[in-house]
Amino acid sequence: MPRKNDYSDLTCYLDANPIMDRDQVYFSDEGWAYRHYKSYAKSNDAGGFWDECIVAGEALLANGQPDTSAEEFGSTGAKNFLFGDGYQGDAPLEIAANGGANWVGTNVYEVGQTVEARTAVYTGGVSPLTYRYRFQTKAEGSNTWVSNPWTTTTNDKNPVYYTITAAVGELKLQSQALDSSAPAVQLISPTAAQTVTNP
């Protein structure tokens with residue numbers, strides 16, 4: 001039977017594990033329980049989570065007597081979670097520090113030139129994630145951006161290229177990450193728009 005002071009049944013629940021994290025484990029009246037949050041908000045209110053019994057059995061003290069201090073399984077409200085790495089659930093999807101999409105400084109934004117940009121780097125999000133990019137253009141005198149199709153890439157500062165034509169008045173790159181949460185979280189890192197000259 002599970003005991004609050006006996007962690008031997010929890011050896012696969014590591015201090016830092018994106019799938020099974022001790023920060024979401026608590027001792028309940030039905031045994032060790034794992035709280036699964038339904039969103040990044042990590043709400044302990046009704047509808048914000050569901051609990052899984054990972055080591056089932058009567059909650060006991062070290063002396064084998066019933067542990068009346070064990071928390072009610074599946075009840076709302078914050079729990080006395082074990083301490084792992086201090087984070088509960090998947091890390092939120094974010095642009096990595098200094099990882100935003102960017103232009104290369106040697107570019108010349110003139111018709112006929114091929115310019116280079118770099119895609120963004122992201123952290124967090126619910127796996128698996130999709131990473132992609134696209135260029136957007138706007139004709140001179142127009143207020144409408146036209147998007148090229150998305151191209152799949154990897155989560156890295158990958159070089160991407162665009163050859164400027166006479167139809168382009170402004171140009172920018174969008175780098176995007178989409179995770180597997182429901183609904184999916186998406187995050188776009190755009191470059192600054194560049195004005196094109198026609199020499």
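**A guided tour of strand S11 and its surroundings**

Begin by selecting threonine 114, whose bridge partner in S11 is threonine 163. Strands, like helices, are DSSP runs numbered from the N terminus (E, at least two residues, for strands; H or I, at least four, for helices). The model is predicted, so local features need pLDDT of at least 70 and side-chain atom pairs count only at pLDDT 80 or more, while totals for chains, interfaces and linings use all residues. Residues are numbered from 1 along each chain as its sequence is written, and side-chain values use heavy atoms, leaving out hydrogens and water.

**The sheet**

Next, display S6 and S11, which pair in the antiparallel sense over five bridges; two strands pair if DSSP finds at least two bridges between them. Adding S5 shows an open sheet of three strands in the order S5-S6-S11, with antiparallel pairing. Strand S5 (102-103) and S11 are the edge strands, each pairing on one side only.

Now colour the two faces of S11. Val160 and Tyr162 form the covered face, whereas Pro159, Tyr161 and Thr163 form the uncovered one. In a regular strand the side chains alternate between the two faces of the sheet.

**The core**

Select tyrosine 162. Beyond its neighbours within four places in sequence, tyrosine 162 is in contact (heavy atoms within 4.5 Å) with Gln113, Thr114, Val115, Phe135, Thr137, Asn148, Val168 and Leu171.

Expand the selection to the largest nonpolar core, which has 20 residues. Such a core is a set of buried Ala, Val, Leu, Ile, Met, Phe, Trp, Tyr and Cys residues joined through side-chain atoms within 4.5 Å. Buried means under 20% relative accessible area, exposed over 50%, and partly exposed in between (1.4 Å probe, protein chains only). Trp103, Val115, Phe135, Tyr162, Ile164, Leu171 and Leu173 touch the most other members. Strands S6 (114-118), S8 (130-138), S11 (159-163) and S12 (170-178) each supply at least two residues of this core. A second, separate core of 10 residues includes Tyr13, Val25, Tyr34 and Ala59.

**Threonine 153**

Finally, select threonine 153 in strand S10 (residues 151-153). Is threonine 153 buried or exposed? Threonine 153 counts as buried because its relative accessibility is 18%. Its side chain makes a polar contact with the side chain of asparagine 158 (2.8 Å).

Terms used
A polar contact is a pair of N or O atoms within 3.5 Å; within protein, one must be able to donate a hydrogen and the other to accept it, and residues adjacent in sequence count only if both atoms are side-chain atoms.
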